[in-house]
Amino acid sequence: MMQSIKSEEYYVGNLYQRFPVNIVKGKGCKVWDKDGKEYLDCMGGYGVALVGHCNDRVVNAITNQVQDLITCHMSVYNEMRLKFLEKFALIAPKNLRKTFFTNSGTEAVEAALKFSRKFTGKDGILALNGGYHGKTFGSLSVTYNEKYRKSFLPLFENVKFVSYSEMDSIINIVSNPENKIGTMIVEPIQGETGIIMPPQNFLKNIRNICTDKGIVLIFDEIQSGLGRTGKMWAGEHWDVEPDVMCLAKGIAGGVPMGVTTMRSEILDCLKIGEHSSTFAGNPLACAAGSAAIDALTEDNLVENSSKVGKLFKEGLLELKAKHKIVRDVRGLGLMLGIEMRFDVKDILLDGIKHGILLLYSGRNILRLLPPLVMDETEVNKSLGLIDILLENEVKRRIG
Ligand SMILES: *Cc1c(COP(=O)(O)O)cnc(C)c1O
């Protein structure tokens, strides 16, 4: 264990907050370390293990595809890619008909920003305080957190950040032609920043403003999409459809893949060569992606996310009533946050000891993004373990 930690650190630098656990195997909501110790995975690979670790459908699809063809550029046609696109069309918001393939979340956002710029001819962008959209230069320009931005300035200049409560100021900014606002980018529920929900009418209001002013509304559903919140798209909770939607994380059962999907006229305004990606739409990712969509739809994972998510949240609210160190519990489906009064690092480390992996947001928020295959027994087991972790934290803090 110590040996592999030391050796990996020697090569990879110090870019990730890392935890002392070495995972070698996963199935469903469980993972195992080198010594065979089992963990309940409420971290879910930052939400990538959406349909469960090593989902049978995904494993079979990859195993079959890998025998036939692994790479295939977009400049030629491929049946597996078409199969994915046809399945995806059945779950995508109905006005979003055209798709650009990427290999990660930040690339899906980059594509969205470029396409919107070309479509509107305007370089001004409105983004949200607390928003997270990735770390390449374009995505970083619309990401709020100073900690990620400060060493890489200057970023795009014409980006304005607003808070949920500043509806008047949003209207002022978009109404001033000097700001040239052509794009607004929003996470329907903010993930990285700590499972932050928008006020009830916010998304509807900005949808109306964007429609009114000819602004392209981008929903970054990279974390909240694909059933995570108990509906296929988080935007559905407020009955709002964007013009462009970005997806990645769990879309291909753990294989790297992203998509930017949008209204036809936006993608249709681009010319050959104006954007591309070498790995885009490769048959391996498309096979895995088709299988992941089958898992979501045929194994009823979206309904399950809603059902067990409610149980999980109710249980967490009981824990909040019991342990005064919990400040807030929030979220929808299996996208849940527990805001604490203190730094959560000790809780995460104690979790590893007790066989549960948790994720953090900022310093004091525990984030739960377990696979959507989680069942009631696993929810109850997770709650039991979190109860113990909170109890231990109380002892450490208060004695
Ligand atoms: C994870 C995430 C991204 C970035 O995805 P990468 O694949 O890490 O580039 C962007 N937006 C949101 C909302 C995310 O959760």
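Student: Which backbone contact does T106 offer the ligand, and how should I read it?

Tutor: Look for N or O pairs within 3.5 Å. In this predicted model, a backbone N or O atom of T106 lies 2.8 Å from an oxygen atom of the ligand. G105 also has a backbone N or O atom 2.8 Å from a ligand oxygen.

Student: And what does D220 do with its side chain?

Tutor: There, a polar side-chain atom of D220 sits 2.7 Å from a nitrogen atom of the ligand. Overall, the protein covers 80% of the 390 Å² of accessible area that the ligand has on its own.

Student: Which residues surround the ligand?

Tutor: Among them are S104, Y132, H133, G134 and E187, and I222, Q223 and K249 also belong to that group.

Student: OK, now the nonpolar side. How many residues are in the largest nonpolar core?

Tutor: General idea: in soluble globular proteins, nonpolar side chains tend to be buried together. Here the largest such core has 67 residues, and F88, F312, L316, L358 and I386 make the most contacts inside it. Helix 11, residues 283-298, gives the largest share, 9 residues.

Student: Where does this core lie relative to the domains?

Tutor: Domain 1 (2-55 + 300-398) and domain 2 (56-298) both contribute residues, so the core lies between them.

Student: Can we zoom in: which residues does L316 touch?

Tutor: Leaving out residues up to four places away in sequence, L316 touches V329, L336, I338, L368, L383 and I386. There's also a second, separate core of 27 residues, including I173, V174, M335 and L369.

Notes
Residues are numbered from 1 along each chain as its sequence is written. This is a predicted model: local features need pLDDT of at least 70, side-chain atom pairs count only at pLDDT 80 or more; totals for chains, interfaces and linings use all residues. Side-chain values use heavy atoms; hydrogens and water are left out. A nonpolar core is a set of buried Ala, Val, Leu, Ile, Met, Phe, Trp, Tyr and Cys residues joined through side-chain atoms within 4.5 Å. Buried means under 20% relative accessible area, exposed over 50%, partly exposed in between (1.4 Å probe, protein chains only). Helices (H or I, at least four residues) and strands (E, at least two) are DSSP runs, numbered from the N terminus. Domain bounds come from an automatic or database domain assignment. Contact means heavy atoms within 4.5 Å. A residue is near a molecule or strand if one of its heavy atoms lies within 4 Å of it. A polar contact is a pair of N or O atoms within 3.5 Å; within protein, one must be able to donate a hydrogen and the other to accept it, and residues adjacent in sequence count only if both atoms are side-chain atoms. Accessible areas come from the Shrake-Rupley method with a 1.4 Å probe; for residues, only the protein chains shown count as cover.
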